Amino acid sequence: MNEDQLIDKYTSDRELLELITEATQDGLWDWDVTNNNVFFSTHWKKMIGYEDDEIENNFNEWLKRVHPDDVEKAMECVENYVNGRIDTYENVHRLQHKDGHWVWVLDRGKGKFVNGKVIRMVGFHTDITEQKDLEYQLELKVHDEIEKNKQKDDMLKQQSGLAQMGEMISMIAHQWRQPLASIASIAVTIKIKMALASFDTSNQKGLDEFMEYLNTEIDDIENLVQMLTSTIDDFRNFYKPDKEVAHITIESPIKKVLSILKPQIEQQIVEVSLEYLSTRTIDIYENEILQVILNIVKNALDNFKERDTQNPRIHIKTEDIFGKVIVSICDNGGGISEDIIGFIFDPYFSTKDNKNGTGLGLYMSKTIIEQHHKGKLSVQNKNDGVCFHIILEKQ
Ligand SMILES: Nc1ncnc2c1ncn2[C@@H]1O[C@H](COP(=O)(O)OP(=O)(O)OP(=O)(O)O)[C@@H](O)[C@H]1O
Ligand SMILES: [Mg+2]
């Protein structure tokens with residue numbers, strides 16, 4: 001084939017291609033790589049708002065209209081294909097329309113290689129703006145939903161934080177009642193003794209006795225104040241969010257919970273039996289696990305009170321089973337009715353009135369165990385009460 005014949009053949013090939021692309025509404029481009037001459041079909045130009053005579057036959061006519069954010073990727077694709085580094089030429093980019101807006105195109109092409117070099121490349125532009133707009137809308141929607149969920153989660157966290165703070169204050173108040181009453185009673189006793197002139201302060205002996213009496217009472221007050229202070233410190237440490245993972249046995253947070261709840265357990269005369277069989281150390285956020293155990297044990301105590309359970313008992317058992325640490329906390333408070341047991345982990349589900357429960361305790365506990373610790377928290381009615389099982393993986 002001589003050069004004229006070759007040109008004739010290319011031209012008739014191109015006319016055929018143009019016909020096909022018109023039918024499919026695609027724009028055709030035909031790049032003579034050796035002479036750096038590009039033919040753009042009428043439809044190619046129309047797609048971005050130009051008439052046939054408004055675009056010249058060179059590569060730059062395409063390149064200068066590519067969106068600045070897409071240029072690098074588009075050129076990389078051309079170069080990789082021309083140099084044989086990739087087998088298919090396909091990329092998506094934006095081209096600027098004559099009136100300024102951006103048109104998304106899917107650009108696909110194929111080259112003719114001679115001795116490993118491309119001498120001609122032919123391809124199509126497909127307008128995918130509508131599809132991209134839809135994708136964008138969808139992305140916006142997904143982003144919106146994620147944002148909404150995050151806000152909901154933040155709100156729950158905040159509310160549960162407030163609930164915990166309320167709980168902390170009520171526990172401090174509970175633990176302060178007795179020492180405060182003792183301080184008040186000491187003050188009253190001193191006042192009475194003074195009013196009754198129990199010590200004869202007119203002579204040295206009486207004065208010494210009075211001083212000695214005052215000293216012992218002041219010591220008592222000091223001890224009681226010490227108790228008040230340490231209660232505050234205990235609780236403050238207890239509710240501090242952990243940043244670091246602790247490498248400990250599960251016994252440690254359980255013991256801390258029992259020590260903090262000791263006054264309530266004693267007041268309600270609850271028998272707590274312990275079976276610490278787990279010896280494995282695990283990686284946990286200790287304060288978070290403390291809150292979970294505290295919430296479960298407090299729920300049991302609340303329930304005993306509410307139902308006036310006779311001989312209330314809580315049994316806590318830890319075990320190592322198949323590489324997992326299992327904590328079971330069981331009570332004999334009558335269990336949870338089958339109608340509601342499926343909802344107790346839902347946020348705001350509570351059978352207590354507003355001031356006694358927010359219904360976030362078990363929801364947050366489940367989040368802590370299952371999302372923060374990749375474990376499992378479940379519930380089951382058993383015998384004459386309910387059992388909560390915490391399963392933690394050794395990480
Ligand atoms: N040991 C239990 N015995 C009987 N019912 C329980 C027990 N533990 C939980 N429940 C039920 O599950 C419900 C939800 O518990 P959850 O800890 O999530 O919320 P709450 O204790 O009501 O309020 P909060 O913990 O937010 O102060 C409780 O209201 C109660 O009805
Ligand atoms: Mg609770």
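Which helix supplies the largest share of the shell around ligand 1? In this predicted model, that share comes from H8, which contributes four residues. Helix H8 spans residues 286–307, and H9 joins H8 in supplying at least two residues of the shell each. In total, 21 residues surround ligand 1. Asn299, Ser350, Gly357, Gly361 and Leu362 are the closest of them. As for the character of this shell, ten of its residues are polar, nine are nonpolar and two are charged.

Helix H9 also offers a handy bridge to the next part of the picture, the sheet. Made up of residues 361–372, H9 lies across strands E11 and E12. Its direction makes an angle of about 125° with E11.

The sheet itself is open and built from five strands, which follow one another in the order E7-E9-E10-E12-E11. Their pairing is mixed. Strand E7 (271–276) and strand E11 (376–382) are found at the edges; each has a single partner strand, so one side of each is left without a neighbour in the sheet. From one strand to the next, the twist averages 15°.

A closer look at the edge strand E11 shows how it is held in the pairing pattern. Its partner is E12, residues 385–393, and the two pair in the antiparallel sense over seven bridges. Within this pair, serine 378 has histidine 389 of E12 standing opposite. Taken together, E11 is an edge strand of the sheet, pairs with E12 and, along with E12, has H9 lying across it, while H9 also supplies at least two residues of the shell around ligand 1.

Note on methods: Residues are numbered from 1 along each chain as its sequence is written. Chains are lettered from A and ligands numbered from 1 in the order in which they are written. This is a predicted model: local features need pLDDT of at least 70, side-chain atom pairs count only at pLDDT 80 or more; totals for chains, interfaces and linings use all residues. Two strands pair if DSSP finds at least two bridges between them. Axes are lines fitted to C-alpha atoms, for helices over the stretch in contact, and angles run from 0 to 180 degrees between N-to-C directions. Two residues are in contact if their C-beta atoms, placed from the backbone, lie within 7 Å. A residue is near a molecule or strand if its C-beta atom, placed from the backbone, lies within 6 Å of it. Ala, Val, Leu, Ile, Met, Phe, Trp, Tyr, Cys and Pro count as nonpolar, Asp, Glu, Lys and Arg as charged, and the others, Gly among them, as polar.
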